[in-house]
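Student: I have a structure to read for the first time, and I would like to learn how to move through its features one by one. Could we take it slowly, starting with an open space and then going to the parts around it?

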Amino acid sequence: MLVEHCGKCHTGETIKGGLRLDSRAALLTGGGTGPAIVPGDPDQSLLIEAIRYAPEGYQMPPTGKLPDEAIATLTEWVRQGAV
């Protein structure tokens, strides 16, 4: 899901915001604003905030909000430790 919806800007040679999304280690390291995920705590994870389109934060992907099912899947993945 991350590769499909976020890979164009956050994998390979194009790394916007210094954030790579192609490995768990990269998600834990994060980019210019800190770690993208906090395993076990989706509410503290910038990635989840961004895909929820929080009005006061990032709204990713910029081409349009992911379907609710995709957001729920990623949120649960983080909640379970992002293994």
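Tutor: Let us start with the lining of the largest pocket, whose residues divide into 14 nonpolar, nine polar and two charged. Please keep in mind throughout that this is a predicted model.

Student: How does one find such a space, and what is the volume of the largest pocket?

Tutor: The general idea is that rolling a probe the size of a water molecule over the atoms shows where empty space is left. In this structure the largest pocket comes out with a volume of about 540 Å³, and of the 25 residues that line this pocket, the closest to its centre are His10, Lys16, Leu19, Leu21 and Met60.

Student: Which helix gives the largest share of the lining of the largest pocket?

Tutor: That is H1, which provides six residues, the largest share of the lining. H1 and H3 are each the source of at least two lining residues.

Student: Histidine 10 was named among the residues closest to the pocket centre. Is histidine 10 buried or exposed?

Tutor: To judge this, one looks at the relative accessible area, where buried means under 20%. Histidine 10, which is part of helix H1, has a relative accessible area of 13%, and therefore it is buried.

Student: What does histidine 10 touch, if residues up to four places away in sequence are not counted?

Tutor: With those residues set aside, histidine 10 touches Ile15, Lys16, Leu19, Arg20, Leu21 and Asp22. For leucine 19 there is also a distance to look at, since a polar atom of the histidine 10 side chain lies 2.8 Å from the backbone oxygen of leucine 19.

Student: Let us turn to the nonpolar core. How many residues does the largest nonpolar core have?

Tutor: A nonpolar core is read as a set of buried residues joined through their side-chain atoms. The largest one here has 16 residues, and those with the most contacts inside it are Leu2, Leu27, Ile37, Leu47, Ile51, Leu66 and Leu74. The elements that give two or more residues to this core are helix H1 (2-10), helix H3 (46-51) and helix H4 (68-79), and the largest share, four residues, comes from H4.

Student: Could we follow two of those core residues, leucine 47 and leucine 66?

Tutor: Leucine 47 has its place in helix H3, and it counts as buried because its relative accessibility is 8%. Beyond its neighbours within four places in sequence, leucine 47 is in contact with Leu2, Leu27, Ala36 and Ile37. Leucine 66, not counting residues up to four places away in sequence, touches His5, Ile51, Pro61, Ile71 and Leu74.

Student: Where is threonine 75, and what is it in contact with?

Tutor: Threonine 75 lies in helix H4 and, at 7% relative accessibility, counts as buried. Leaving aside its neighbours within four places in sequence, this threonine is in contact with Pro42, Ile48 and Arg52.

Student: What should I look for in the loop between H3 and H4, where proline 61 has its place?

Tutor: One thing to read is the backbone itself, through its angles. Methionine 60 and proline 61 are joined by a cis peptide bond, with omega about -5°. Tyrosine 53 is also found in the loop between H3 and H4, and its phi is near 60°, a positive value in a residue other than glycine. Alanine 82, in the segment after H4, has a phi near 55°, a positive value in a residue other than glycine, and at 0% relative accessibility alanine 82 counts as buried.

Student: Why does lysine 65 count as partly exposed?

Tutor: Partly exposed is the range between buried, under 20%, and exposed, over 50%. Lysine 65 counts as partly exposed because its relative accessibility is 44%. This lysine is found in the loop between H3 and H4, and, leaving aside its neighbours within four places in sequence, lysine 65 is in contact with Ile51, Arg52, Tyr53 and Ile71.

Student: How far apart in sequence and in space are glycine 64 and histidine 5?

Tutor: They are 59 residues apart in sequence and 9.8 Å apart in space, taken from C-alpha to C-alpha. Glycine 64 is found in the loop between H3 and H4 and, at 29% relative accessibility, counts as partly exposed.

Technical notes: Residues numbered from 1 in each chain as written. Predicted model: local features only at pLDDT ≥ 70, side-chain atom pairs only at ≥ 80, totals over all residues. Heavy atoms only, no water. Core = buried A, V, L, I, M, F, W, Y, C linked by side-chain atoms within 4.5 Å. Buried < 20%, exposed > 50% of the residue type's maximum accessible area, 1.4 Å probe, protein only. Contact = heavy atoms within 4.5 Å. 1 Å grid on protein atoms, 1.4 Å probe; cavity = no way out; pocket = protein on both sides within 12 Å on 5 of 7 lines; lining within 4 Å. Points joined across faces, edges and corners; volume = space filled by probe spheres on them. Nonpolar A, V, L, I, M, F, W, Y, C, P; charged D, E, K, R; others polar. Polar contact = N/O pair within 3.5 Å; in protein donor to acceptor, adjacent residues only side chain to side chain.
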